[in-house]
Each structure stands twice: as C-alpha cells, then as structure tokens.
Amino acid sequence: MTTEPDTTEEAEPETPVAPEEAAQDAADGSSTDPAETAETTENAESAESTQATQLSEAEAELAAQRELRERIERRKAEKQGPIAAGTKLSGTAADLLAAVRAVESGEKPPPVIARTQTPSSRPSPSPSPSREPSAAPSSPTAVPRPQPMPVSGDTSPVLAPEAVEAVRGVLTEGGAPDTLAPQVVAALGEGADGQLRADPWQLLRVAGVRTEQADGFARALLGAECDPQDERRGRAVTVWLLEQAALAGHTVLDVSALTAALAQRGVPDPDTAVQSTIAEGEALEFQDAIEEPGGAARQQDTPDGEEAEDEAEERPVRVLVGLERYALAEDSLADGLARIVNSLPKEAAEDWESAAGASGSGSAAELIRTVGAHGLVLHTGGDTARVEPAALVAAARSLGLRVCAAAHTPDGRRRFAALLKSDPASDTETDTDSVVTVAGLLAGAEGPGRDADGAFGLDLLVVLDAPQLDVENAAMLVESLPDGARLVLSGDPAVLWSAGPGRVFADLLAARACPQVVSGTPDPGPIGELVSGVSVGELTQVEAPGKEVVIVPVRDAGEAVHRTVQLVADSVPRALGVPTEQTQVITPGHGGAAGTRALNTALKERLNPGPGRFGGFDPGDRIAYSPAPGRTVPGQVVKADAEGLHLECGGASVVVPKERVEQTVRHGWALTAHQAVGLHWPAAVVVLPGDAAPSLTRPWVYTAFGRAERHLSVVHGVDQALARAVAEVPAKARTTRLPGLFRAQVPASG
C-alpha cells in the first residue's frame with residue numbers, strides 16, 4: 001500500500017451533510033434506529049432522484065408489481081373458505097383472522113392485529129405435487145404467474161390532461177406549486193382533485209412533500225376547520241412515515257418507533273393514529289415472535305405439537321406495523337420459497353454426483369452436489385467466487401436442464417457470460433440467451449419465455465448479486481418459477497444491501513432454513529487482500545509493489561476535489577496506463593463540498609468542458625442513468641435533439657425525453673457506492689472527505705474499495721474514522737419479517 005507524500009496537517013472534520021437521496025443514501029445508511037429513519041429521509045425528500053420514483057420509465061416493472069399484488073389478492077380470496085388454519089382458531093386468533101378477512105372484503109375491521117406471526121401459528125406446508133417444468137399445474141388452485149411486459153422507449157404513465165388541470169387548480173388554491181399536479185395524479189389516481197379536497201394531507205403521497213408543507217396546504221384549504229388532531233392528518237402522517245421507512249430499507253416498523261416518530265411530528269395521540277390507520281386498511285399490524293437463543297431448536301425437538309404451540313404462545317413478541325404492499329410481498333416470497341423447497345422432483349443423485357466430480361474438487365463441486373439435492377441453496381463469496389456458479393451452470397447444462405443466470409447489472413451479465421464462454425464446451429448463442437439481468441428477466445425483455453401459466457421455462461435459476469434483491473423483486477422472481485425448479489441465490493454478503501425495501505439475502509442466511517455453501521475462492525491480489533480484511537472488520541496495510549493500492553492524504557474537501565481530478569485526468573493514466581474513461585470516482589453522498597455534484601462539476605470542466613445546453617449535458621459527458629429507482633446504468637451522452645437526450649449505455653441506445661432528463665440522468669464521472677454496486681472498473685478513486693466520516697460503514701467501505709479491479713486510490717481525509725468504521729460500524733439495521741415467515745414454513749435446514 002503506497003501513501004503519497006503530504007507535508008500538511010490533517011484538517012478537522014467538516015460539518016456532516018444530510019443525505020440527499022432517500023432511496024439511495026438512506027440505504028447506504030445513516031441511522032440504525034427505525035425511529036430515526038423518517039428524520040433522515042425527510043431531509044432527503046427534496047432531492048431530484050426521489051422524484052423519479054413517481055414517473056418511472058420502467059412501467060414493465062411497475063406493471064409486474066401490480067400483477068404480483070393482484071395475484072396475491074386472488075390467493076387470499078381463495079383462502080377465505082374453510083381451512084385448517086382457521087377452523088381451530090379461537091379468542092384473539094379468531095379476531096385477528098376476522099380482521100384480515102374484513103380488510104380483504106372491503107369492510108372496516110376492528111382495530112386489532114391483522115395477523116399473528118409465530119413459528120407455531122402457521123401450519124407447515126405439505127409438499128407440493130411435483131411436475132415436469134413444462135407441464136400444466138397439478139393443483140386446481142394454482143395461482144397464475146405474471147405475464148411478460150413489453151419494454152420500449154419511454155413508458156411513463158399517460159395522465160389525463162383534464163385530471164392534471166383539475167388537480168392544478170386545487171394545488172393553486174392551497175398555495176402549493178402547481179407543478180406537482182402530474183405527481184399527484186400519478187400517486188392518487190382517478191379523482192385526485194376530489195381526494196385532495198376531502199383530505200388535503202393526501203399531498204404527502206407525493207415524493208418530496210414534507211409534513212409541514214402538507215400542513216400548510218391543509219390550512220389554506222380547510223381554514224378554521226384545520227385541526228392538528230384531525231384523524232386524517234394522523235393517518236396520512238403514519239402512512240408517510242412508513243413510506244420513508246421503506247425508502248431506508250424497512251418493510252415494517254416497530255410500533256414503539258412509529259409512535260415516537262408520530263409524536264415528533266405533532267400527532268397528539270400517536271396510538272390512536274396508528275390504530276385508525278390499521279382500521280382503515282392503510283397499514284397492517286403484526287406480532288413477530290422474538291427468537292431466544294436456541295429457541296428454534298427447542299421448538300423443533302418438541303415431540304408434542306400442542307406443547308410446542310403452547311410454548312410459542314408464551315414467547316415474547318414485538319408488534320410491527322407496515323404497508324400492505326411490502327407485507328404481501330414478504331408473505332408471497334416466504335410462500336414461494338417454501339413451494340420451491342417442497343416441490344423438488346426426485347432425480348438420480350448419481351447424475352449430479354457425476355457432474356460435481358467432473359468439475360473437480362472444492363466449493364464448486366460442493367455447490368453442484370448441494371443443488372442436486374435441494375430446491376433452494378444460498379451461495380456466498382466475493383466476485384472471484386462467480387466461477388462456482390459458472391461451474392454449476394455448465395454442470396446443469398450437461399444434465400440437459402434449462403438454466404438461466406440473472407445479474408443485477410448489464411456489467412455483471414457481461415462478466416458472467418465471459419466466464420461461461422471461457423468453457424471450451426460453451427455455446428455462444430446459448431450463453432447470450434441464458435445470462436440476463438434481473439430487471440430484463442422480470443420485464444420479459446431477456447431470458448427464457450414463460451409457459452401458459454406465466455412461469456419461466458426453467459429448471460434452474462441462478463441469481464447473482466443476490467444482496468441487491470429487494471423484497472418485491474424477489475417475490476416476483478420466486479412466483480415466476482415453476483414447481484420443481486431449483487433456485488440458487490449467490491452473492492457477497494459483505495456488500496451494501498438493496499436500494500429497495502428488505503434484506504432478502506441476509507434474512508435467508510440468518511434464517512438458516514436452507515443449505516448454505518461458502519465459497520473457498522479468495523479474491524486475488526493486494527486489492528483482494530484489502531477488501532477481504534475489511535469484510536471481517538480489519539483495515540490492514542497490504543503490500544502493493546505495482547501501486548495496486550495508493551493512499552492520498554488530503555486536508556479538506558477542496559483539496560480532495562483537486563487531487564481526485566488530478567488522479568483521474570493525469571496520474572492514473574500516466575503511471576498505470578488505465579485510460580480516464582476506465583477510472584471511476586466513488587464518494588459517500590451527492591451533496592457536500594466533495595459529493596458527486598461537486599466532483600462531477602470539476603471533472604466535467606477538466607475532461608469534457610462545454611456549455612451544457614441540454615439540461616447541463618454535452619455530447620461526450622459520462623452519465624449515470626436511472627431507468628427505475630435503485631438501478632443505475634453508466635453511459636455516455638451521444639447527442640440531444642427534439643426527441644430528447646440520446647445516450648449510449650452498455651452498447652444500447654437510450655433516448656430520454658427532455659422532461660425526464662433532470663429526474664433520471666446525472667453526470668457519472670463520480671458515483672456513490674450504492675450506485676456502483678454490481679459494477680467494476682479497472683481503476684477506482686474512492687474519495688473520503690472529512691464531512692463523510694459519520695456516514696461511513698463497513699459495508700460502504702467494502703463495496704467502494706471492491707469496485708476496483710487493477711488499481712485503487714483512496715483520497716483520505718477522515719483520519720481514524722475509516723479504521724473505526726471498518727472495525728465498529730456494521731450494516732445498518734433493517735426491520736423485516738422474512739426470517740420468521742420463512743422459518744415457520746421451512747423450519748429444518750437442509
């Protein structure tokens with residue numbers, strides 16, 4: 001590890017800058033307490049990237065999410081008849097079931113807990129009848145799976161002009177910017193103007209609107225009738241807080257954290273506000289059993305089912321509150337994973353054993369053997385460990401199975417396809433069809449087709465970059481797998497989690513209810529040694545004879561920007577032969593004196609100066625394009641015309657309409673670590689200005705450092721905060737229900 005000389009003293013850390021983007025910076029983590037989540041994300045509401053969540057270009061993904069929710073609603077309707085789980089309920093449990101069914105039928109339920117989640121309160125599923133992947137479903141109650149959605153051009157929702165104009169009038173009357181009208185119509189749907197008049201606090205449904213702004217709007221519309229104790233305000237603020245929590249990765253909040261946040265926002269009776277929100281069906285309440293050390297094992301070893309149930313009822317629980325969409329997604333995901341585990345067909349074990357032997361020894365062979373015996377397998381390892389899923393794909397193909405591998409980014413897809421092509425037996429055309437992105441697979445734009453039931457035509461799906469799966473995308477993937485298919489979730493558990501709600505991969509690892517294969521393939525070289533140490537909380541000095549790792553001390557943010565531009569434009573290309581366009585700058589946030597905005601401004605001025613005639617962009621600018629929340633695609637500006645901004649992103653041409661440019665396109669010489677997840681460059685310059693110290697965590701450092709393949713420069717201005725973050729600051733907590741749901745369905749680890 002090389003340190004560039006610096007004769008000046010380190011400057012004192014500057015004042016921390018609040019995160020600028022809720023969907024990303026909150027996911028990077030600035031608070032471990034769910035009660036603080038809304039405060040963090042409230043500061044982020046006004047950023048332009050959060051506005052992009054209202055009018056996404058990826059309508060196919062949104063349509064698939066709607067299809068998922070509709071499908072789960074059909075499943076719930078099918079369960080309304082007599083079922084074993086309901087006929088034996090009594091007392092509180094019966095009240096809970098009645099409340100759920102009242103919500104499902106459109107009635108107003110009593111304010112009771114909507115569902116109880118304990119390991120003994122949910123019946124163990126019987127194994128699903130297996131079938132050949134292409135056969136019709138064997139069960140008459142099989143749930144239809146989502147159909148592929150076309151993706152072409154800009155697919156933003158088409159809004160009725162008259163609806164937008166009507167809302168514009170209401171906004172003007174209430175003193176709110178009329179430019180919010182399209183977002184209001186998109187958020188509230190038909191009759192949005194009437195909804196706003198009836199409940200002005202519904203303005204909080206629009207991203208970027210804060211509680212004090214909605215209060216001012218309500219006072220202007222309601223006049224003397226506006227009352228802080230209004231139930232409508234309490235419900236709207238409750239839903240808003242849950243939405244802010246979702247932006248920070250939570251699928252639910254502990255009720256105590258939620259009521260504390262409501263009190264901070266001037267809701268006089270937080271408990272009543274929460275219960276009113278639940279009674280109106282705008283949120284759901286859950287009891288989540290608190291696992292005691294060894295509790296799961298004791299329950300599993302109990303021979304008498306009734307005694308186990310009595311024991312579970314006595315165990316402590318926590319009360320959680322969440323939005324229905326994420327509750328349905330977690331329920332659907334747990335159900336789908338249980339189906340995959342239980343519907344595995346019986347196959348000749350010697351076939352898989354033979355394929356494992358052909359791959360050699362080590363963790364690749366172990367992965368192949370484990371997948372041969374189980375429907376769901378978790379595989380953990382760094383970037384180099386992808387050779388093991390590649391060996392699995394080759395082995396499954398040799399057995400005549402239909403296989404698909406899905407990566408988080410086009411860059412990940414390209415790199416994995418290259419691994420497969422290195423196999424002498426590889427079929428180039430097959431590789432192109434069987435290596436996809438998760439987004440492309442779900443949208444139907446990539447990968448295998450679907451059968452008449454809407455299921456993928458697959459026998460094995462390998463999901464790479466599994467930590468980037470949020471709960472909704474994971475649920476859609478699992479629901480789209482046919483009975484009898486196998487699923488492998490593979491990824492590096494040390495990287496930052498998904499930008500969307502949930503922590504699916506970490507939750508399943510924690511549940512320990514399915515086999516886990518730990519890679520034995522280390523990341524090579526000085527950079528690999530450095531990031532391997534970071535993953536276990538150690539920031540070690542590494543030998544870097546070829547200047548693979550260089551530390552550049554700086555005193556303040558201004559010097560950090562200057563040295564970063566110098567490294568990208570001159571030092572790295574001259575000393576290491578890595579072109580400027582193959583060097584990526586990574587920094588903790590968008591704001592601040594050395595955030596992405598400041599760095600991109602300086603880098604553009606040096607590398608591609610121009611007037612920025614089209615929304616601040618010129619041909620040749622490096623950009624980061626966000627076609628949907630949580631997804632970043634690097635690219636370059638080609639030109640601009642009446643159609644919009646023309647981009648080249650990973651070999652694909654993209655045209656972004658003029659009105660969408662500000663919301664979806666940023667300059668891309670500098671990115672945040674969360675934008676960079678799933679991507680790699682020959683060289684990376686990680687910038688750590690003094691004001692970034694409070695936001696650093698071990699996963700952030702691991703992710704940022706791990707983006708470099710050949711060279712890593714660290715522009716270091718945080719003094720001891722870097723080592724402290726690596727040693728003492730783990731991933732930020734996210735509150736979810738998936739571990740308990742999955743353990744209840746699949747209690748025994750394979």
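The legends below describe close-up views of a predicted model.

**View 1. An open, parallel sheet of six strands.** The strand order is S8-S7-S9-S10-S6-S11. Strand S8 (435-437) and strand S11 (516-518) form the edges, each pairing on one side only. From one strand to the next, the twist averages 20°. Strands of a sheet pair through backbone hydrogen bonds, in either a parallel or an antiparallel manner.

**View 2. The pairing of strands S7 and S9.** Strand S7 covers residues 403-407 and strand S9 covers residues 460-463. The two strands run parallel and are joined by four bridges. One of the residues involved is Val403, whose bridge partner in S9 is Leu460.

**View 3. Helix H20 against the sheet strands S7 and S8.** Helix H20, made up of residues 410-421, lies across both strands. The helix runs at about 170° to S8, which is an edge strand of the sheet.

**View 4. The second largest cavity and its lining.** The structure holds five cavities of 30 Å³ or more; the second largest has a volume of about 50 Å³. Its lining consists of Leu333, Leu337, Val463, Leu469, Ala474, Leu477, Val478, Leu487, Leu489 and Val504. Helix H16 (324-342), helix H23 (471-479) and strand S10 (486-491) are the elements that give two or more residues to this lining. The largest share, three residues, comes from H23. By residue class, the lining of this cavity has ten nonpolar residues, no polar ones and no charged ones. Val463, one of the lining residues, belongs to strand S9 (residues 460-463).

Key. Residues are numbered from 1 along each chain as its sequence is written. This is a predicted model: local features need pLDDT of at least 70, side-chain atom pairs count only at pLDDT 80 or more; totals for chains, interfaces and linings use all residues. Side-chain values use heavy atoms; hydrogens and water are left out. Two strands pair if DSSP finds at least two bridges between them. Axes are lines fitted to C-alpha atoms, for helices over the stretch in contact, and angles run from 0 to 180 degrees between N-to-C directions. Contact means heavy atoms within 4.5 Å. On a 1 Å grid over the protein atoms alone, a cavity is a set of points where a 1.4 Å probe fits but cannot get out, and a pocket is an open set with protein on both sides within 12 Å along at least five of seven lines; lining residues have an atom within 4 Å of a point. Grid points are joined across faces, edges and corners, and a volume is the space filled by probe spheres set on the points. Ala, Val, Leu, Ile, Met, Phe, Trp, Tyr, Cys and Pro count as nonpolar, Asp, Glu, Lys and Arg as charged, and the others, Gly among them, as polar.
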